[in-house]
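Hi,

Here is the structure I promised to pass on. Have a look at it first, and then read my notes below.

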Amino acid sequence: MTEPRTHARAHARARDRIRAAFAEAGVTGWLHAVDIDSGAQVDAGADHPVVTASVHKVCVLVALHQQAEKGRLELTEQAECPPDGRTPGPTGLSAMLDPARVSLRDAAYLMMAVSDNTAADLLLRRVGLEAVNATTRRLGLTRTHAVQTFGEFVATLKEDTGHAGPQALADPRVLARLRALDPASTNRSTPRDMTRLLAAVWRDEACAPQHSAAIRRLLSLQVWPHRLASGFPFDDVHVAGKTGSAPTLRNEVGVVEYPDRGRYAVAVFTRAASPAAILPAADAVIGTAARLAVDALRS
């Protein structure tokens with residue numbers, strides 16, 4: 001019994017240090033981390049309902065590949081993307097000015113690598129929200145649900161902030177009424193559900209092996225190093241993940257792989273006390289918390 005008790009103490013210490021790190025960074029945070037092979041886990045609010053924001057693009061990606069596996073679409077299908085009606089966003093097709101034509105699999109790349117909102121909604125038009133929800137149900141993600149497109153998510157932010165725009169976020173009354181910050185009103189999940197999804201992808205349980213490998217490849221191509229990956233600054237440790245952001249919210253889920261074949265699914269969701277768009281400490285604590293959790297799992 002000594003070894004399980006030792007692990008339990010280590011995980012409890014990690015949980016305390018994770019909560020302290022969140023507090024020092026000025027955020028409220030929720031985390032779940034799991035050893036994909038042994039099932040050992042660290043829980044710091046793992047079942048708390050959270051707004052997924054762009055993290056839900058992982059669910060869209062898995063649904064896309066499940067549909068392809070069933071023969072309901074071809075990943076090489078071409079989709080037209082005219083300039084008008086694109087979902088707002090700072091990257092990818094959302095930021096481009098000219099008509100574009102892209103395959104579904106290349107739209108998936110843009111959705112995951114640079115969190116392109118237009119690419120995500122292009123895929124949602126092809127796959128459908130119900131297929132995304134059917135995918136999460138099938139994988140046992142009982143607390144995960146998509147209720148809107150990414151364009152609809154952005155639209156609620158604009159509606160709820162009114163004519164004042166982003167400046168209105170300085171008013172606590174405005175923040176309190178944002179539907180985009182309420183898990184009951186938008187796309188939602190829990191940290192535990194998201195690590196379950198990632199573990200299924202890494203174990204080839206979400207899709208056939210070739211499709212799971214394609215999903216893992218796209219997650220590994222994300223360009224943002226300032227959250228989850230910042231906790232693992234080593235050439236021989238590989239991090240694949242997906243961020244998600246909204247006013248006061250900073251999230252990332254991903255898998256950390258070590259050269260000894262250890263692999264750990266981690267989901268970190270945070271809400272900052274400040275509505276500022278740039279909060280380096282709030283970004284960095286995602287990596288710090290993830291590293292504390294993974295170190296405990298490896299102890």
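Tyr-258 and Tyr-264 are both buried. Please keep in mind that this is a predicted model. As for aromatic pairs, the structure holds 1. That pair is formed by Tyr-258 and Tyr-264, in an edge-to-face arrangement, with 6.0 Å from centre to centre and 85° between the planes.

Tyr-258 has another partner too: Arg-298 lies over the face of its ring, 3.8 Å from the ring centre. A similar kind of contact involves Phe-150, where Lys-57 lies over the face at 5.0 Å from the ring centre.

Phe-150 also turns up in the lining of the largest cavity, along with His-56, Val-60, Leu-124, Leu-129, Val-132, Ala-146, Gln-148 and Asn-187. By class, that lining has 6 nonpolar and 3 polar residues, with no charged ones. The space inside the largest cavity is about 30 Å³, and the count of cavities of 30 Å³ or more comes to 1.

You may wonder about the cysteines. How many disulfides are there? The count comes to 0. Take Cys-207: the closest cysteine sulfur to its own is in Cys-59, 12 Å away, which is too far for a bond because a disulfide needs the two sulfur atoms within 2.5 Å. Cys-207 is buried, with a relative accessible area of 6%. Cys-81 is buried as well, and its relative accessible area is 3%.

Happy browsing, and best wishes!

Methods
Residues are numbered from 1 along each chain as its sequence is written. This is a predicted model: local features need pLDDT of at least 70, side-chain atom pairs count only at pLDDT 80 or more; totals for chains, interfaces and linings use all residues. Side-chain values use heavy atoms; hydrogens and water are left out. Rings of Phe, Tyr and Trp (its six-membered ring) pair if their centres lie within 6.5 Å; planes under 30 degrees apart count as stacked, over 60 as edge-to-face and the rest as tilted. Buried means under 20% relative accessible area, exposed over 50%, partly exposed in between (1.4 Å probe, protein chains only). A charge sits over a ring if NZ of Lys or CZ of Arg is within 6 Å of the ring centre and within 35 degrees of the ring normal. On a 1 Å grid over the protein atoms alone, a cavity is a set of points where a 1.4 Å probe fits but cannot get out, and a pocket is an open set with protein on both sides within 12 Å along at least five of seven lines; lining residues have an atom within 4 Å of a point. Grid points are joined across faces, edges and corners, and a volume is the space filled by probe spheres set on the points. Ala, Val, Leu, Ile, Met, Phe, Trp, Tyr, Cys and Pro count as nonpolar, Asp, Glu, Lys and Arg as charged, and the others, Gly among them, as polar.
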